[in-house]
Protein chains: 2
Amino acid sequence: MENSILTPRKQKLLAMIVEKYITTGEPVGSKTLCEALDMAVSSATIRNEMAELSEMGYLEQPHTSAGRIPSQKGYRYYVDNLMGVYELNEEERRGIASWLEPTSADPDKVLERAGGILAQLTNCAVVSTSPSDTQAVIRRAELVPIGTHTAMIVMLTSAGTLKSRVCRVDCELTLEVIESFYNIASKHFIGRSANDISTAMIQTLAAALGEKALLMTPLLVALSELAEASSRLDIRLDGQSNLLNYREFYENAFELMEFLHHSNSLAQLVTRGRGDTDIKIGTENLFRELENSSTIMSRYFIGGHDSGSLGIIGPTRMDYAKIVPSIKYLSQLVGSMLSDTLDS
Amino acid sequence: MENSILTPRKQKLLAMIVEKYITTGEPVGSKTLCEALDMAVSSATIRNEMAELSEMGYLEQPHTSAGRIPSQKGYRYYVDNLMGVYELNEEERRGIASWLEPTSADPDKVLERAGGILAQLTNCAVVSTSPSDTQAVIRRAELVPIGTHTAMIVMLTSAGTLKSRVCRVDCELTLEVIESFYNIASKHFIGRSANDISTAMIQTLAAALGEKALLMTPLLVALSELAEASSRLDIRLDGQSNLLNYREFYENAFELMEFLHHSNSLAQLVTRGRGDTDIKIGTENLFRELENSSTIMSRYFIGGHDSGSLGIIGPTRMDYAKIVPSIKYLSQLVGSMLSDTLDS
DNA sequence: GTTAGCACTCAAACAATAAGAGTGCTAACA
DNA sequence: TGTTAGCACTCTTATTGTTTGAGTGCTAAC
């Protein structure tokens, strides 16, 4: 981007400050830097440079007599221009793979396992979504009688999501009712995209049924609820408690945790990233609750199609250089495992 | 129980101390008690009584110059003998009911809603289990082809739990394969209790299949995994973040949260209580992670059958007198709602 | 452009003090 | 015998002042 603005030495300093701060969590001062530095340059010079970096907005100071810590802008510059693209070595790759592979082929199980691994690897909270497919259509809709007045409605989409709901009808579940359920389902639901099912449509449908409507309404409502549920993202959350280990979250732990359990917000978070792997730092996340957090979101692909997300939420002070390749590798692995089972 | 040991005045004092401490969170001293007390008795007398209560193990002192707080034994005595059985008034009952009722009949939705309400009402973490039935048998087992080599196996039990798993077979999913799946399923799975399906049984089954075994094995494995999953309790957790608001959990927040996400432990917790509503205080919970917590677990009944749990986890310093009736009422409400839909 | 040196700032650590809460004990009292 | 007043004692908490050390910014010399 605008890396021409920073001299090579400033770049090197900024990188060192970021990396040092990431590992120690303490503001880093000119002396520390000077020692850890091979360039034969005195702490005074470094101080000058740091003063300039501060003025430019890349660093900030908790208080006058403390060292510097990277500002949000500093992290951003580091991530965009300075961060070494660390490659996982063979051993690490194998480690991850051997953890993931013995899982059963089931997508949910794969993601559960992947979430666990990533949480452990990064010490952050992990968010992931089940494979989703905007092209998906409703493939089956079944009514399974549970009692004389109770039925379970099951809906299966072509994307492989299965949702069910138990519902109760006021009259007895006669064969006739069941039959007309199947008629309606196959006529108006099967083959349609789950997004197309609106409450308006349900209402017109019910109206058209005339007197039979009373019996069928709860079933239709269940169907539309299921359609709604099928079209909504299934979001997994793993390793949330990891975040409780970071000082920076002590104060607002409650708010942060509440936020994580609020799946609406998570859905926005997860769908927003464009690009293969998307890093958002601090307020770039737009959610007030995340202003001290960074998120790294990555997409996985099934048979070449963009199908889901895998990412983490952690403190801005995180080891981007190590975490990014882990996420990339893992989401690629997840993608290929799911492709094996789903793409055929 | 052994309430004969405590004089009426000691009982009254203990009750007051517990209640005061519950609301303020501060150790309570003799003077405070004396003021809040109608009995015409001086602080000195109260001090004598408190000293005795301490000696008997009902109270403890954080440090010499602090007031007293109830010990675990003190809480226990309070709960067993002193606690007023507070009755929810009509308004409160209606409030809870009106929050719960508009939910759809689906058990999972009902419990989700109930969990939310209880979490808000008690400011604790809420644990609940879906209706389970030890008598339940496998009712349907279906194979839905997803691709040429991939199938979704769906299992439905008579208790109304639906589980599914995607799995992959090495050969093409011909009609023949599907047919023999149904043969095996209806012969060895349908009508059986999920508990009866063991890996040993799967192995003998596979052995008996001879050369067809290779194709069928992944399907059989999936079936047994599903049986296992169906027989396991489905545990919901709500309002976990509430616990982050209590001072007493600040230090071990991470461990506590980890514990809550460890469903094995939760399952033990939830199944252990005998009796209608079961209160466990501190170390009575047997889990090290809960030694500063109390749990209140209640069962709900569907059509007269003990079917599931609803309970909370919170600090030992909780308002037992108010929480107990809330839980009781709510679980009774849940029971009757679920009976309406499921028992027929 | 770099460096040494120095005065300056500020947080963190420490010690000393004071204030206050609450206790236990004793001796007197009903 | 149970109750009470009084008092010395303990221990926490808050406050204040002091010291220490890290780190800075600036200046003048190289």
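**Two chains and a DNA strand: questions and answers**

Trainee: How many residues does each chain give to the contact between chain A and chain B?

Mentor: This is a predicted model, in which local features need pLDDT of at least 70, side-chain atom pairs count only at pLDDT 80 or more, and totals for chains, interfaces and linings use all residues. Residues are numbered from 1 along each chain as its sequence is written, chains are lettered from A and ligands numbered from 1 in the order in which they are written, and side-chain values use heavy atoms, with hydrogens and water left out. Contact means heavy atoms within 4.5 Å. By that rule, chain A gives 40 residues and chain B gives 40 residues.

Trainee: What area is buried between chain A and chain B?

Mentor: The size of an interface is often given as the accessible area lost when the parts come together. Here buried area is the accessible area (1.4 Å probe) that two parts lose on being put together, summed over both. Carbon and sulfur atoms give 58% of the area between chain A and chain B, which is about 3200 Å².

Trainee: Which residue of chain A meets E142(B) in a salt bridge?

Mentor: A salt bridge is a side-chain nitrogen of Lys or Arg within 4 Å of a carboxyl oxygen of Asp or Glu. Two salt bridges are counted between chain A and chain B. In one of them, at 3.1 Å from N to O, the partner of E142(B) is R140(A).

Trainee: What kind of axis relates the two copies?

Mentor: The copies are superposed by least squares on the C-alpha atoms of residues with pLDDT of at least 70 in both. A turn of 180° and a shift of 0.0 Å along the axis lay chain A on chain B with an RMSD of 0.0 Å. The two copies are therefore related as by a two-fold rotation axis.

Trainee: Which residues come nearest to DNA strand D?

Mentor: A residue is near a strand if one of its heavy atoms lies within 4 Å of it. There are 22 residues around DNA strand D, and those that come nearest are S30(A), R9(B), T45(B), T64(B) and S65(B).

Trainee: How far is a polar side-chain atom of T45(B) from a phosphate oxygen of DNA strand D?

Mentor: Sugar and phosphate account for 75% of the atoms of DNA strand D that come within 4 Å of the protein. For S30(A), a polar side-chain atom lies 2.6 Å from a phosphate oxygen of this strand. For T45(B), the corresponding value is 2.4 Å.

Note on methods: A polar contact is a pair of N or O atoms within 3.5 Å; within protein, one must be able to donate a hydrogen and the other to accept it, and residues adjacent in sequence count only if both atoms are side-chain atoms.
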